[in-house]
Amino acid sequence: MRHRLAQLPGVTVQDRGRRLCGIVTFTVDGVPADDVQRQLAAASVNTSVSVVTSARYDLGARNLSSVVRASVHYYNTEEETDLLCATLGSLST
């Protein structure tokens with residue numbers, strides 16, 4: 001998912017570190033994280049938002065006020081990833 005999201009114009013994957021887990025965080029240029037989450041929810045894509053007050057050391061140090069968070073699990077399908085990417089593609093164009 002990270003690779004696919006990174007290929008979308010205007011989408012920036014915000015994950016850092018040598019070992020990454022199934023939680024994928026990202027931002028969409030010019031679109032507040034809350035708006036991204038609401039639009040994804042309208043397309044039946046389940047995500048959440050992490051805000052700087054809950055992740056001050058990480059987000060604050062990078063001047064990010066919030067990020068969208070997608071938690072990928074073993075039961076997620078390729079079709080669900082496709083839907084996430086297609087929906088984000090329409091937001092970032």
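Let me begin with a term: on a 1 Å grid over the protein atoms alone, a pocket is an open set of points with protein on both sides within 12 Å along at least five of seven lines, where a 1.4 Å probe fits, and its lining residues are those with an atom within 4 Å of a point. What we have here is a predicted model, in which local features need pLDDT of at least 70 and side-chain atom pairs count only at pLDDT 80 or more, while totals for chains, interfaces and linings use all residues. Residues are numbered from 1 along each chain as its sequence is written, and side-chain values use heavy atoms, with hydrogens and water left out.

I will take the sheet before the pockets. It is an open sheet of 4 strands in the order β1-β2-β4-β3, with antiparallel pairing; strands here are DSSP runs of E with at least two residues, helices are runs of H or I with at least four, both numbered from the N terminus, and two strands pair if DSSP finds at least two bridges between them. At the edges stand β1 (11–13) and β3 (48–51), each of which pairs on one side only.

Going through the pairs, β1 and β2 are joined in the antiparallel sense over 3 bridges, and Val13 has Phe26 of β2 as its bridge partner. Between β2 and β4 there are 4 bridges, with Val24 opposite Ala70 of β4, and β3 is likewise joined to β4 by 4 bridges, with Val49 opposite Val68.

What lies across β2, β3 and β4? That is helix α2, residues 33–42, which runs at about 30° to β4, where contact means heavy atoms within 4.5 Å and the angle, on a scale from 0 to 180 degrees, is taken between N-to-C directions of axes fitted to C-alpha atoms, for helices over the stretch in contact.

Now to the pockets. The largest has a volume of about 320 Å³, a volume being the space filled by probe spheres set on the grid points, which are joined across faces, edges and corners. Of its 17 lining residues, Val45, Asn46, Ser71, Asn76 and Glu80 are the closest to the centre, and α4 gives the most to this lining, with 4 residues.

The second largest pocket, of about 230 Å³, is lined by 16 residues, and those nearest its centre are Asp15, Ile23, Thr25, Asp58 and Arg62. Two or more residues of that lining come from each of β2 (23–28), α3 (56–59) and β4.
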